[in-house]
Amino acid sequence: MTSLFKGYSTNATEEIKFPETQSKKDPTATMRALQWEGKQNVTVNTVPKPMVTEPKDAIVRISTTTICGSDLHLYFGEFGGMKKGDIIGHECVGFVESVGSEVRNIKVGDRVVVSAVISCGECEYCKKGLMSCCDRTNPSKEMEALYGHRTGALFGYSHLTGGYEGCQADYVRVPIADVNLLPVANDKLTDEQLIVLADIACTGWHANELACVDAGDVVCIWGAGPVGLMACMWAIYRGASRVIIIDGEEYRLQLAKNQFVDKLDTINFHNVDDVVKEIQRICPNGPDKCIEAVGFRFQRGILHTIERALYLETDQPQTLNECILACKKGGRIGIVGDYLAFCNHFNIGAFMEKSLGMAGGQVLVQKYWKDLLQIIESGQVDPTFCMTHKMSFDEAAKAYKMFANYEDGAVKIILKTGATAL
């Protein structure tokens, strides 16, 4: 893919001391980990257990992990930078087993949420609250060449985002633990309530922030996966007068209906000729705000299927174009669906002429998670409604297949390692 770009670079990778991306390994202890073996091939294997590698590290014994919709991009081989044997996953809860000599705010035995995003907490971007834009955790020169800069690192999400070992395992090494761990004192909160703070609850909130969702807004959300459902939950919490959610799987739409019956309209794009016209039927002036929680991989129809297959584009523009056409003039679009590179037939004209605003970005976990924890702890929202299955970690490969193929009504699958408090 690098050959499609000119190789822009700030040369920052030559000037920054990054954390070690690979942990030291315990010479005697082992653990289970889910490893990427190739397209649609993941397996639970026995691998060496990680050790504290740098003074700011912590080792977390994982009690609960899960599969993110974005993990399926890796599963289907549609995201670059993967290597056979990579440990994947970026959402987990567990207990701190050991810490490095420079860790100040995390102690052995703490119950913690691990942020999907690895941030330094000290660079220009982290100080602005742009944690996923961290300048000091992702050493990928390839990403710098593709995008002109590097984003922050992610756990278990290819070598484009740092190549750090992931969270679908019994243990994970967490660099810069004081920044990337959230200690939780309330033992009445379940792992299921907490694990959403690693990614999806924060991403759903981030979508609303990007779209500037306010009280009284009509909000239209593309995608009824876990992130789309969290975006819906937070839009209603923030006072949206109505939410319209669009998806192609009726069971996911029904899950949303069951949870938000009084505030929600749903559209199954398989059942309508034109999504935008159906939105206009429900909301004649168009929604005030639109949220895109679908991403690059889900094209509809022949044109973009062919263009993606021939690498004439990497990303489908259809959902973004629907956002632009549907959105009220002067409205705003928030993008949290993952996009990789470039697309064709993007309706830039309608975007400009309608005076729309648009913003996107990876989630700012550490900016939001303390505030969202308080809301969850107070019982004002229940993010666990999207969790449809609880399985043993040993069944992780089966869980990926279920989730990837929309089997058995799978929306959010929780994987339990069996670990308990230290």
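This report describes the two largest pockets and several salt bridges of a predicted model.

**Pockets**

The largest pocket holds about 870 Å³ of space, and among its 44 lining residues Gly69, Arg252, Ala293, Val294 and Phe298 are the closest to its centre. Helix H1 (71-75), helix H6 (200-211), helix H7 (226-237), strand E12 (242-247) and helix H14 (396-404) each supply at least two residues of this lining, with H7 giving the most, namely three residues. By residue class, the lining of the largest pocket comprises 21 nonpolar, 15 polar and eight charged residues.

The second largest pocket contains about 480 Å³ and is lined by 21 residues, of which Tyr147, Thr151, Tyr339, Gly361 and Gln362 lie nearest its centre. Its lining divides into 12 nonpolar, eight polar and one charged.

**Salt bridges**

Side chains of opposite charge can pair when their charged atoms come close. The whole structure has 29 salt bridges, including the three tabulated here.

| Pair | Closest N to O distance |
|---|---|
| Lys49 and Glu97 | 2.5 Å |
| Glu91 and Lys412 | 3.2 Å |
| Asp265 and Arg242 | 2.8 Å |

Because Lys49 lies in strand E2 (residues 41-51) and Glu97 in strand E5 (residues 92-99), their salt bridge ties together parts that are 48 residues apart in sequence. Lys49 is buried, at 14% relative accessibility, whereas Glu97 is partly exposed, at 25%.

Glu91, in the loop between strand E4 (86-87) and E5, is linked to Lys412 in strand E18 (residues 412-416), 321 residues apart, and both Glu91 and Lys412 are buried.

Asp265 in strand E13 (residues 264-268) and Arg242 in strand E12 are 23 residues apart; Asp265 is partly exposed at 22% relative accessibility, as is Arg242 at 26%. Elsewhere, salt bridges with shared partners join Arg111, Asp191, Glu192, Lys390 and Lys416 into one network.

Key
Residues numbered from 1 in each chain as written. Predicted model: local features only at pLDDT ≥ 70, side-chain atom pairs only at ≥ 80, totals over all residues. Heavy atoms only, no water. 1 Å grid on protein atoms, 1.4 Å probe; cavity = no way out; pocket = protein on both sides within 12 Å on 5 of 7 lines; lining within 4 Å. Points joined across faces, edges and corners; volume = space filled by probe spheres on them. Helix = DSSP H or I, 4+ residues; strand = E, 2+ residues; numbered from the N terminus. Nonpolar A, V, L, I, M, F, W, Y, C, P; charged D, E, K, R; others polar. Salt bridge = Lys/Arg side-chain N within 4 Å of Asp/Glu carboxyl O. Buried < 20%, exposed > 50% of the residue type's maximum accessible area, 1.4 Å probe, protein only.
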